[in-house]
Amino acid sequence: MLLITSASRAQPFSPEKAITPHCSKAKQPYAISSGVAILHFCVIIKIVKGGICVKAWQHFKTITRHRWQVRRGCFKVGLIWQGLSHDLSKYTPTEFFVGAKYYQGNRSPNSAERVEKGYSLSWMHHKGRNRHHWEYWTDLSLETMVYSPVPMPRKFLVEMVMDRIAACKIYQGNAYTDASALIYLQKGVDRIRMHPQTQQELEYILSMLRDNGEKETFQYIKKEVLKGKPFPWEQEASM
Ligand SMILES: [Zn+2]
């Protein structure tokens, strides 16, 4: 801008020159705007190819595949509505955009958000709405006046079993075995925070899965657990 002003001062006025610079000025912004447009296009392509759009699509596929796996398990034991409605809140903006931003493919995006921020808004939104998480089942104890875990109703305990199996299958791929969900539970700290009754029931079912496989375990869930029949240690206690 400064150079153009100096040059126009140094040279006398000429009608030809008055037209020529005008034309080159008109071409220059056009060239610049074309360049900017191409740059924007390249940036958009880069974002679409390697950024948030691809991550969003991958995240969408992961949660949809996960829901499909949980639905399959729930249907096998007769939990139709829970199979259909499992994890639907993951498609809400609060959960979905965090999932897309922190998508990694081999671990929960909530962990990555937690590492970055010190907390996961997505997880807090999720656990407050989904009763298949033991974290939902915490309430103010009237004895201690401290928020404490309470036992999970059996149908949500079973949905949690299906959730854990499906999560292990999705994240471990070909490395998945019937022991995966139990190993994951034993490695994690959440088992010592859930209610002892829930923890005992969950470990019993996942141990059965490791030792006897899905078919027998799902039959046990359908015919014993969801029918409200006592677990072995409850039978012994009542005798
Ligand atoms: Zn969930």
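Helices (H or I, at least four residues) and strands (E, at least two) are DSSP runs, numbered from the N terminus.

**Figure 1. Overall fold of the predicted model.** The chain holds 12 helices and two strands. Along the sequence the order is α-α-α-α-α-α-α-β-β-α-α-α-α-α. Of the 239 residues in the chain, 23% are buried. Contacts between residues at least 6 apart in sequence were sorted by separation: 59% of them join residues at least 24 apart.

**Figure 2. The bend in helix α11, residues 196-225.** This helix has 30 residues. Drawn straight at 1.5 Å a residue, a helix of that length would span 44 Å. In the model, the end C-alpha atoms of α11 are only 17 Å apart. Where does α11 bend? The bend sits at Gly213 and amounts to about 130°.

**Figure 3. Buried residues of α11 and their cover.** Before the bend at Gly213, the buried residues include Thr198, Glu201, Leu202, Ile205, Leu206 and Leu209. Thr217, Phe218, Ile221 and Val225 are also buried. An α-helix has 3.6 residues a turn, so residues three or four places apart point the same way. Which helices help cover the buried residues of α11? Among them are α3 (52-77), α8 (154-172) and α9 (180-187).

**Figure 4. Confidence, and the segment 1-26.** Average pLDDT for the chain is 84. A score of at least 70 is reached by 78% of the residues. Over residues 1-26, pLDDT stays under 50. The model gives this segment two contacts beyond four places in sequence. Where pLDDT is low, the predicted coordinates should not be read in detail.

Key:
Residues are numbered from 1 along each chain as its sequence is written. This is a predicted model: local features need pLDDT of at least 70, side-chain atom pairs count only at pLDDT 80 or more; totals for chains, interfaces and linings use all residues. A residue is buried if 20 or more other C-beta atoms lie within 10 Å of its own, exposed if 12 or fewer, and partly exposed in between; C-beta atoms are placed from the backbone. Two residues are in contact if their C-beta atoms, placed from the backbone, lie within 7 Å. The expected span of a helix is 1.5 Å times one less than its number of residues. The bend at a residue is the angle between axes fitted to the seven residues ending there and the seven starting there. pLDDT is the predictor's confidence in each residue, from 0 to 100.
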